[in-house]
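This report goes through one protein model, from its contacts and overall form to its ligand shell and domains. The sequence and the structure come first.

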Amino acid sequence: MSNFPPFGEQHELFRQSVRSFTEREIRPHAEKWDEERFFPNELFRQAGELGYFGLRYDPRYGGSGLDYWYVGILIEELMKGRNVGAVVGLLIQCELATNVIHEYGSEELKQEWLVPAIKGEKIAALGVTEPGAGSDVAAIVTAARRDGDEYVINGSKTFITNSVRADFVTLAVRTGGLGTKGISLVIAPTKLKGFNVGRRLEPIMALSSDTAELFFDDYRVPAANLVGEEKRGFHYIMDLFQGERLVLAYISNGYAKEILDEAMAYAEQREAFGMKIAGMQVWRHRFADLLTEFQASRLLTYYATERLTARDPESQVYVSMAKLYASEFAKRAAIECVQVFGGYGCMRESYVGRAASGVAGFSVGAGTSEIMREIIAKQAFFTTTKFTG
Ligand SMILES: Cc1cc2nc3c(=O)[nH]c(=O)nc-3n(C[C@H](O)[C@H](O)[C@H](O)COP(=O)(O)OP(=O)(O)OC[C@H]3O[C@@H](n4cnc5c(N)ncnc54)[C@H](O)[C@@H]3O)c2cc1C
């Protein structure tokens, strides 16, 4: 693990660029966007112009041909803006809804959807979860029936981020029989007849996020919008989940850093019984534990980044470990940090109090902690690799 993490001069320059973007365009508006339950579409265009959506993508499509380290830096810096909704929205565009087009889409799909998404001119969403199928992706029922050179889609999705403003949804549909082998992915343009946006939802940890239900009523899309091969969708989703889970690990770490910084600053100035909170041994030790766990979480995430960047076959397990650890640590950190503020931490005015109220979302989105444990345990038992080496 020499030179780990491998951050050099180019990484630092990129970090500075994202930091000043965040300070200028996100942090001053963070509270207002949460109150308004929305952040402006303009943010997508600005991020696109700066190249943030194509970090890992082929320069032929407007990308920069870099790797997950740059995505990690992007998230670490964006999270300092303290608006999780905006970060999640931008990362859906940067990774979650577009990476499958980049990996498996036809040249036509790349030109029509990926290229403008990288520029920030078209907004993307990822539609997998349904009212009756979340963790169990193989149970989705939204059906796509082939009719000539079109698919006719009927069904619904829920919890879909970016979906009210999206220009297209990378949509999981059932084109075959039950189970994992009947699922396909299609690019679903949102402006066509039969595509209906239902209720707006309010993710507590990402209030500015544009999250909603979707309904498809004899909604027709060109058959050419199929991503890759028919009935390979489950395999593609599982493949793209690796990047998605790594993103959630970085978001969880970024969230933990912000609340820890805030709570430590408060502990250094708040006095009780004639002494600073940070001067009390019980609190000093609690912070020492939190800082130790924070570093463990960050380093595990970096390790998973290294394995995923190297396309190591075992990277799925390390990514799952990083997502599990980081999102569960964020919950523990939130409870401790709110306590530091006493009554102030319980008021809406308190950043840490507000941030803590939705922290459970990190261990649910992009695969729950229970599913992460399943993945880790399945790989560790009854195989030769024990992940203890
Ligand atoms: C803020 C937010 C944004 C989201 N954005 C999107 C999006 O853009 N696109 C999208 O497609 N989805 C999105 N989701 C949905 C997310 O992926 C699902 O919520 C998640 O996969 C869990 O599915 P579920 O909510 O149906 O829970 P369920 O699958 O019903 O799980 C309920 C509980 O049972 C547990 N459980 C399930 N199976 C097992 C098992 N085998 N063993 C042990 N325990 C189990 C789960 O861990 C959980 O605790 C988003 C979710 C959130 C919170």
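In this predicted model, 73% of the contacts with a separation of 6 or more are between residues 24 or more positions apart. The protein has twelve helices and nine strands. Its radius of gyration is 21 Å, close to the 21 Å that the globule rule gives for 389 residues, so the protein is as compact as a globular protein of that length. Along the principal axes, the C-alpha atoms fill a box of roughly 80 × 50 × 40 Å. Buried residues make up 46% of the 389.

**Domains**

The protein is divided into three parts, with these bounds:

| Domain | Residues |
|---|---|
| domain 1 | 9–123 |
| domain 2 | 125–231 |
| domain 3 | 234–380 |

Taken over C-alpha atoms, the centres of domain 1 and domain 3 are separated by 22 Å. Domain 1 gives 18 residues to the contact between them, and domain 3 gives 15 residues. On the side of domain 1 that touches domain 3, the elements that supply two or more residues are α4 (68–78), α5 (84–96) and α6 (99–104). Helix α4 has the largest share of that side, with six residues. By type, the residues on this side of domain 1 are eleven nonpolar, two polar and five charged.

**The ligand shell**

Which residues come nearest to the ligand? Of the 21 residues around the ligand, they are V128, G134, S135, T368 and E370. The shell around the ligand draws on two of the domains named above: domain 2 (125–231) and domain 3 (234–380) each give at least three residues. Among the elements, β1 (124–127), β3 (150–161) and α12 (369–380) each supply at least two residues of the shell. The shell consists of nine nonpolar, ten polar and two charged residues.

**One residue in helix α7**

E108 is found in helix α7, which covers residues 107–119. Is E108 buried or exposed? A residue counts as exposed if 12 or fewer other C-beta atoms lie within 10 Å of its own. E108 has 11 C-beta neighbours inside 10 Å, and therefore counts as exposed. In sequence, E108 and G233 are 125 residues apart. In space, the distance from E108 to G233 is 19 Å, C-alpha to C-alpha.

Technical notes:
Residues are numbered from 1 along each chain as its sequence is written. This is a predicted model: local features need pLDDT of at least 70, side-chain atom pairs count only at pLDDT 80 or more; totals for chains, interfaces and linings use all residues. Helices (H or I, at least four residues) and strands (E, at least two) are DSSP runs, numbered from the N terminus. The radius of gyration is taken over C-alpha atoms; the globule rule is 2.2 Å times the number of residues to the power 0.38. A residue is buried if 20 or more other C-beta atoms lie within 10 Å of its own, exposed if 12 or fewer, and partly exposed in between; C-beta atoms are placed from the backbone. Two residues are in contact if their C-beta atoms, placed from the backbone, lie within 7 Å. A residue is near a molecule or strand if its C-beta atom, placed from the backbone, lies within 6 Å of it. Ala, Val, Leu, Ile, Met, Phe, Trp, Tyr, Cys and Pro count as nonpolar, Asp, Glu, Lys and Arg as charged, and the others, Gly among them, as polar. Domain bounds come from an automatic or database domain assignment.
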